[in-house]
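Trainee: Could you take me through one part of this structure in detail? I would like to look at a sheet and what surrounds it.

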Amino acid sequence: MKRKLLLCPPDYYGIEYEINPWMDRTHNAAPDLARAQWQRLLETLESLGCEINLVPPQPKLPDMVFTANAGLVAGKKFVRSNFRYAERRGEEAYFERWFIERGYESVRLPESLYFEGEGDALFCGEILFCGYRFRSDIRSHQLLGEVLERLAISIELVQDRFYHLDTCFCPLPDGGAMWYPAAFDEYGQKAIRHHVTDLIDVSPEEAAHFACNAVVLGPDIVLADDSPKLSAALKLRGYRTHELSMTEFIKAGGACKCLTLFI
Ligand code: ARG
């Protein structure tokens, strides 16, 4: 089956505000290089058999490229995000319209509950792992589980550089996952260890290169480059890795996974 992904071209991408510790307005992304890196990601995903859908980018919404935060899709249900920061709230209506126009049922959690989509909610087998504290609210998780009829497990994130779950946790199809343990508190680490067998620990250096922020397509894993230890561990388990330079997006606190949403 062809995996369908939603991406957003980086026409208006740039570091125009600072809402996470990676962002620094004096260290902006180079537009041409960002475009080339994004294009390479798109072509890699296509070459691996994905169907790519594009949502039109909008001026003044530079982070709209990070479609993982649009919401969470399960079947024909689209649970739209309620962004924590005003800087990104303008994206909500554009993403929602895109899904409604394509026949999805748009579900909205109460406005008072922050929820940042697949960036903070990842399926690992039947379980939905949800991250909270910096962006999504813990109270959004239970509702999310009810809406999607899945067990949602809330995990607290404790390092502000790993502010979304997809920056430090990445489920693998064999039931395992790769993760950066120090991004979680003791309880969260216990919960993950309890539910996920076969964890690959990512080192602090490689986690800081966004190694965990990978797009997993069966045996193929698309991830940021500069993570030789993780790549070797994945290859040892029979995965093929596709390593891409993501420097311009890391300046905004994102990489391969953040730039894609499974739909
Ligand atoms: N600058 C964006 C933000 O802070 C980056 C989002 C990265 N997305 C992700 N799924 N981790 O909101």
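Mentor: What follows covers one sheet, then one residue, N213. This is a predicted model, in which local features need pLDDT of at least 70 and side-chain atom pairs count only at pLDDT 80 or more, while totals for chains, interfaces and linings use all residues. Residues are numbered from 1 along each chain as its sequence is written, and side-chain values use heavy atoms, with hydrogens and water left out.

The open sheet has 3 strands in the order 12-13-14, with mixed pairing. Strands (E, at least two residues) and helices (H or I, at least four) are DSSP runs numbered from the N terminus, and two strands pair if DSSP finds at least two bridges between them. Strand 12 (215-217) and strand 14 (240-244) are the edges, each pairing on one side only. Strand 13 (residues 220-224) runs parallel to strand 14 over 5 bridges, and V222 has H242 in strand 14 as its bridge partner.

Helix 1 (residues 31-47) packs on the sheet and touches strand 12, strand 13 and strand 14; contact means heavy atoms within 4.5 Å. Helix 7 (residues 228-236) also packs on the sheet, touching strand 13 and strand 14.

N213 sits in the loop between helix 6 (204-208) and strand 12. N213 is buried, at 0% relative accessible area; buried means under 20%, exposed over 50%, and partly exposed in between, with a 1.4 Å probe and protein chains only. The side chain of N213 reaches the backbone oxygen of D166 at 2.8 Å. A polar atom of that N213 side chain lies 3.4 Å from the backbone nitrogen of C256. Leaving aside neighbours within four places in sequence, the contacts of N213 include V222.

Note on methods: Axes are lines fitted to C-alpha atoms, for helices over the stretch in contact, and angles run from 0 to 180 degrees between N-to-C directions. A polar contact is a pair of N or O atoms within 3.5 Å; within protein, one must be able to donate a hydrogen and the other to accept it, and residues adjacent in sequence count only if both atoms are side-chain atoms.
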